[in-house]
Amino acid sequence: MKSTSALMNELNGSEDINAFLSKNKESLDTQSFADYLCRLVKEHKTTKIEVIRQAQLNQIYGYQIFAGTRLPGKDKIIAIALAMKLDVDTVQRLLTLAGEPQLYAKNARDCILIDAINKGIDVAELNRVLFENGAPCLK
């Protein structure tokens, strides 16, 4: 599988998009958010209900996310990531798959989110830190 930068370099020099797509199909993202999330649950040896509970999500909404019938926003993805103790790179991938902007180190709130992910704190603690810093809590 090629890195993103290798794909970008090749794409910039490509004259035929169809040839590029055909040649690189194994390196291109085709996985849905829900499929990737379900795979992560298995890899982390946890359960959907445990993730939903620790992320403080409504149970019906949580199952809709896992089923792929609802696509969560950035705050819900962060809550899920904290519940699963995911690393920042995995969170960035989840955000991308959901069509949400990635965490940005020049944004003060995103810095708090990144720090929370790195430290593995829970949703309640993150909301406390956000509140103390005058940033909006997770919705």
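Me: How many aromatic pairs does the structure hold?
Reply: Zero, in this predicted model. To count, the centres of two rings of Phe, Tyr or Trp would have to lie within 6.5 Å.

Me: What sits over the ring of Y36, then?
Reply: The charged end of R93, 4.5 Å from the ring centre. The distance cut-off for a charge over a ring is 6 Å, with CZ of Arg also within 35 degrees of the ring normal, so R93 over Y36 gets the label.

Me: How do you know that C137 is in no disulfide?
Reply: Start with the total: the structure holds zero disulfides. For C137, the nearest cysteine sulfur is that of C111, and it is 17 Å away. The two sulfur atoms would have to be within 2.5 Å, so C137 is not in a disulfide.

Me: Why is C38 called buried, and what is C137 called?
Reply: C38 has 19% relative accessibility, and buried means under 20%, so C38 counts as buried. C137 has a relative accessible area of 28%. The partly exposed class runs between 20% and 50%, so that is where C137 goes.

Me: What makes the nonpolar surface patch?
Reply: M8, L11, I17 and L21 make it, and the patch covers about 340 Å². The elements giving two or more residues to it are α1 (4–12) and α2 (17–23).

Me: Why is L11 called partly exposed?
Reply: L11, which has its place in helix α1, has a relative accessible area of 34%. Partly exposed falls between 20% and 50%, so the label fits L11. Patch residues need over 30%, so L11 clears that cut-off too.

Me: What is there to say about phi of K45?
Reply: Phi of K45 is positive, about 50°, although K45 is not a glycine. As background, most residues other than glycine have a negative phi. You'll find K45 in the loop between α3 (33–43) and α4 (48–54).

Me: Where does K85 lie, and what is its phi?
Reply: K85 lies in the loop between α6 (74–84) and α7 (88–97). Phi of K85 is near 60°, a positive value in a residue other than glycine.

Me: Why are K45 and K85 called exposed?
Reply: Exposed means over 50% relative accessible area. K45 has 77%, so K45 is exposed. K85 has 53%, which is over the cut-off, so K85 is exposed as well.

Methods:
Residues are numbered from 1 along each chain as its sequence is written. This is a predicted model: local features need pLDDT of at least 70, side-chain atom pairs count only at pLDDT 80 or more; totals for chains, interfaces and linings use all residues. Side-chain values use heavy atoms; hydrogens and water are left out. Buried means under 20% relative accessible area, exposed over 50%, partly exposed in between (1.4 Å probe, protein chains only). Patches are made of residues with over 30% relative accessible area and no salt bridge: like charges are joined within 9 Å, nonpolar side chains (Val, Leu, Ile, Met, Phe, Trp, Tyr) within 5 Å. Accessible areas come from the Shrake-Rupley method with a 1.4 Å probe; for residues, only the protein chains shown count as cover. A salt bridge is a side-chain nitrogen of Lys or Arg within 4 Å of a carboxyl oxygen of Asp or Glu. Helices (H or I, at least four residues) and strands (E, at least two) are DSSP runs, numbered from the N terminus. Rings of Phe, Tyr and Trp (its six-membered ring) pair if their centres lie within 6.5 Å; planes under 30 degrees apart count as stacked, over 60 as edge-to-face and the rest as tilted.
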